[in-house]
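Visitor: I should like a close look at a single part of this structure, namely its salt bridges. Please set out which side chains pair and how accessible they are.

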Amino acid sequence: MFTDDGITLDYREGRESSFGNELAKVFLMLASIFAEMELKRIKASVTATHEHLRKTDRWAGGQPPYGYRTIDRAGGGRTLEPDPITSEAVRSMGKLLLEGQSQWMIATALEAAGFDTPATHAHKNQGEGYTSKRKTPPSNHWNPISVGKILRSPATMGLKLTHRSVKARKIARDAKGCRSAFV
């Protein structure tokens with residue numbers, strides 16, 4: 001029942017079909033077609049916006065990559081710059097990796113040095129506007145998986161991806177049967 005619009009659909013067995021019910025069915029079919037068209041329009045708009053943002057220095061949003069922070073951009077919006085605290089942690093990770101340390105050893109060293117994990121750093125430093133769906137505070141214990149993701153991140157390597165989205169690249173890679181152990 002659509003109480004705001006006064007539309008009632010009752011398809012229980014034994015109920016007589018009336019012109020009003022048939023008209024309501026037609027209305028709902030038309031509404032669903034328009035809803036699908038609107039969804040396609042929104043998807044196209046969002047895709048075009050993300051394609052445009054990947055070609056600029058403007059940050060699309062979300063939690064910045066570990067080692068960076070967002071700042072106001074001269075032309076409007078936000079952009080990334082190296083974060084003085086977390087970029088030091090990333091440099092430390094790289095140095096330890098080049099010395100032959102394992103990801104586990106790097107995680108242990110980061111924790112001993114007192115560096116916050118990405119989630120803890122975001123939780124502490126994103127300001128009043130930062131919102132999270134977390135029900136509990138993030139853990140501040142480093143693990144080898146987080147270290148590996150940060151070290152293999154294109155952002156850590158100083159790259160900005162300007163073409164297909166991460167999702168599109170994963171779909172293309174999986175279609176070729178080239179699933180990496182480093183995803």
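Guide: A residue is called buried under 20% relative accessible area, exposed over 50%, and partly exposed in between. By that scale Glu88 is partly exposed, because its relative accessible area is 38%. The model is a predicted one, and the values discussed here are computed from it.

Glu88 is a suitable place to begin. Its side chain meets that of Arg91 in a salt bridge, with 3.4 Å from N to O. Both residues belong to helix 2 (residues 86–98), where they stand three residues apart, about one turn of the helix. In general terms, side chains of opposite charge can pair when their charged atoms come close.

A search of the whole structure returns five salt bridges, and the pair in helix 2 can be set beside others. One of them joins Glu81 to Arg69, whose closest N and O atoms are 2.6 Å apart. Glu81 lies in strand 2 (residues 78–82) and Arg69 in strand 1 (residues 68–72), so this salt bridge ties together parts that are twelve residues apart in sequence. Glu81 has a relative accessible area of 24% and therefore counts as partly exposed. Arg69, with 33%, is likewise partly exposed.

Another salt bridge is formed by the side chains of Lys95 and Glu99, at 3.9 Å from N to O. The cut-off matters for this pair: a salt bridge requires a side-chain nitrogen of Lys or Arg within 4 Å of a carboxyl oxygen of Asp or Glu. Lys95 counts as exposed, because its relative accessibility is 55%. Glu99, in turn, has a relative accessible area of 47% and is partly exposed.

The confidence of the prediction should be kept in view when these distances are read. The protein chain has an average pLDDT of 79, and 74% of the residues score at least 70. Among the elements of the chain, helix 3 (residues 103–113) has the highest mean pLDDT, 94, whereas helix 6 (residues 166–175) has the lowest, 67. Over residues 179–183 the pLDDT is below 50, and beyond near neighbours in sequence this stretch has six contacts in the model.

Apart from the charged pairs, there is a nonpolar surface patch of about 490 Å², made by Val26, Leu30, Ile33, Phe34 and Met37. Of these residues, Val26 is found in helix 1 (residues 19–54). Val26 counts as partly exposed, because its relative accessibility is 44%.

Note on methods
Residues numbered from 1 in each chain as written. Predicted model: local features only at pLDDT ≥ 70, side-chain atom pairs only at ≥ 80, totals over all residues. Heavy atoms only, no water. Patch = residues over 30% accessible without salt bridge, like charges linked within 9 Å, V, L, I, M, F, W, Y side chains within 5 Å. Areas by Shrake-Rupley, 256 points an atom, 1.4 Å probe, with all protein chains shown as cover. Helix = DSSP H or I, 4+ residues; strand = E, 2+ residues; numbered from the N terminus. Buried < 20%, exposed > 50% of the residue type's maximum accessible area, 1.4 Å probe, protein only. pLDDT = per-residue confidence, 0-100. Contact = heavy atoms within 4.5 Å.
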